Amino acid sequence: PLVLHVLGARPNFVKAAPVVRALGELGVRQGIIHTGQHYDALMSDVFFADLGLPEPVANLAVGSGTHARQTAALLVGLEDTFLEQSPDLVVVYGDVNSTLAAILVCAKLGIPSAHVEAGLRSFDRGMPEEVNRIVTDSLSDLLFATSPEALSHLAAEGVPASKVHLVGNPMIDSLFSALPSLDPAPVVARLGLPERYAVATLHRPANVDTPEAAHELVSAVLEVSRQIPLVVPIHPRGRTRLAEAGLVDSPSVRVVDPLGYVDFLSLVRGAALVVTDSGGVQEETTMLGVPCLTVRPNTERPITITHGTNRLVTPALLPAAAEKALADGAVTPSGSQPPLWDGAAGPRIARVISAWLKGDNLSP
Ligand code: UD1
Ligand code: UDP
């Protein structure tokens, strides 16, 4: 049997690496289809290198566009690819447009599919990702959940419990694998940062797509930079609009290209504070014990608040929240970290997939 993994965007690569490795160890025949949703070397190639992911068997080079144009290109490219390759199972990750398109094509072609990171909900359908999550979960045959609350969300939407497996978080497997290589010193020196600094990453459409939102956010970030020097590895989505709103490189705000996985996590590990609107970064800071302020009205990852270091803030409240977080100092990772975020999610997923391929009964 053949398993195909559909990957397109930066967080997909991080989540897939442990699953691909574990399936490889079980001798499962597999390949990566890169959709080309992310294509800059610093948004894609560097992750294959840092995470030890094998070369994709195909790259569909769909590139950027409106949701309709990008999704349409994904549908056409993935349908051709699946018809040519005849996979027995397609594995999709997270909540990006590549995830949605792959699950739709599978459903229409009758190809079994698995969703890694199922059941997360922000309950905010204004987020493109929330729509992708709901559709993907409703069409998947195997659903792998990273945290317990996902199980009740899926049950409430009528997903049979027999399809759902609580396996932990493969993004944390990748973090654990990288841990021995995470050294802030070289990156700090290269970027000319002082010993005490904060990291900010911002790319949610609600924060960066309109001049008004960008302006409000940048004003708040600049205020934080008067308390502590900031480094902002800038996602290409917000590059122009955030710069227009005044986020420009200076000694107190280092605006730099996106960083590779190991460099970025090294910086986060050494940071006094992280300001973000990323999904994955909320999880990584929780595990590293670094205070995290998430500039969003909601999160699909509430476990990072209840079990971790995360807090939601509005742009208006960000400077005061940063002051408090910096005064409180580093958060000691507690014994109450999310269950099964132990570095072994990839092997758990691989065991379920391998058994499924053999036709075993998989009811949990
Ligand atoms: C996508 C996901 C988002 C995820 C993020 C991770 C969707 C709907 N959104 O958002 O959930 O959090 O990836 O990073 O799938 N661009 C480049 N180079 C690239 C890729 C993108 O310059 O390699 C620029 C283009 O101008 C593009 C814009 O970034 O229009 C947005 O890219 P896109 O993939 O559509 O969405 P993201 O904002 O990256
Ligand atoms: N990341 C990175 N370099 C950066 C910013 C983020 O390697 O400059 C990593 C981060 O550690 C995490 C993943 O990219 O593993 C998260 O991706 P992103 O924030 O783009 O997407 P989201 O999680 O919001 O969907």
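Modeller: A residue is counted as buried if 20 or more other C-beta atoms lie within 10 Å of its own, as exposed if 12 or fewer do, and as partly exposed in between, with C-beta atoms placed from the backbone. The model is predicted: local features need pLDDT of at least 70 and side-chain atom pairs count only at pLDDT 80 or more, whereas totals for chains, interfaces and linings use all residues. Residues are numbered from 1 along each chain as its sequence is written, while chains are lettered from A and ligands numbered from 1 in the order in which they are written.

Biologist: Does Ala-206 count as buried, exposed or partly exposed?

Modeller: Ala-206 is placed in helix α9 (residues 205-208); helices (H or I, at least four residues) and strands (E, at least two) are DSSP runs, numbered from the N terminus. Ala-206 has 15 C-beta neighbours inside 10 Å, and therefore its class is partly exposed.

Biologist: What distance separates the C-alpha atoms of Ala-206 and Ala-102?

Modeller: Along the chain, Ala-206 and Ala-102 are 104 residues apart. In space, the separation of their C-alpha atoms is 25 Å.

Biologist: In which order do the seven strands form the open sheet?

Modeller: Two strands pair if DSSP finds at least two bridges between them. The pairing in this sheet is parallel, and the edge strands, each pairing on one side only, are β3 (58-59) and β7 (164-166). The order is β3-β2-β1-β4-β5-β6-β7.

Biologist: Which residue in β7 stands opposite Phe-144?

Modeller: Strand β6 (residues 142-145) runs parallel to β7 and is joined to β7 by three bridges. Opposite Phe-144 in β7 stands His-165.

Biologist: Which strands does α1 touch where α1 packs on the sheet?

Modeller: The direction of α1 makes about 165° with that of β1; axes are lines fitted to C-alpha atoms, for helices over the stretch in contact, and angles run from 0 to 180 degrees between N-to-C directions. Residues are in contact if their C-beta atoms, placed from the backbone, lie within 7 Å. The strands touched by α1 are β1 (2-7), β2 (29-34), β4 (89-93) and β5 (113-118).

Biologist: Which element gives the largest share of the side of domain 1 that touches domain 2?

Modeller: The chain is divided into domain 1 (2-169 + 341-357) and domain 2 (179-328), with bounds from an automatic or database domain assignment. Their C-alpha centres lie 26 Å apart, and the contact takes 19 residues from domain 1 and 17 residues from domain 2. On the domain 1 side, α1 and α2 (45-51) each give two or more residues. The largest share, four residues, comes from α2.

Biologist: Why does ligand 1 lie between two domains, and which are they?

Modeller: Of the 19 residues around ligand 1, Asp-40, Ser-64, Val-96, Pro-236 and Arg-237 come nearest; a residue is near a molecule if its C-beta atom, placed from the backbone, lies within 6 Å of that molecule. Ligand 1 lies between the two domains because its shell takes residues from both domain 1 and domain 2.

Biologist: Which element supplies the largest share of the shell around ligand 2?

Modeller: The 15 residues around ligand 2 include Pro-233, Phe-264, Ser-278, Gly-279 and Gly-280, which come nearest. At least two residues of this shell come from each of α1 (10-25), α12 (261-270) and α13 (279-288). The largest share, four residues, is supplied by α13.

Conventions:
Contact = placed C-beta atoms within 7 Å.
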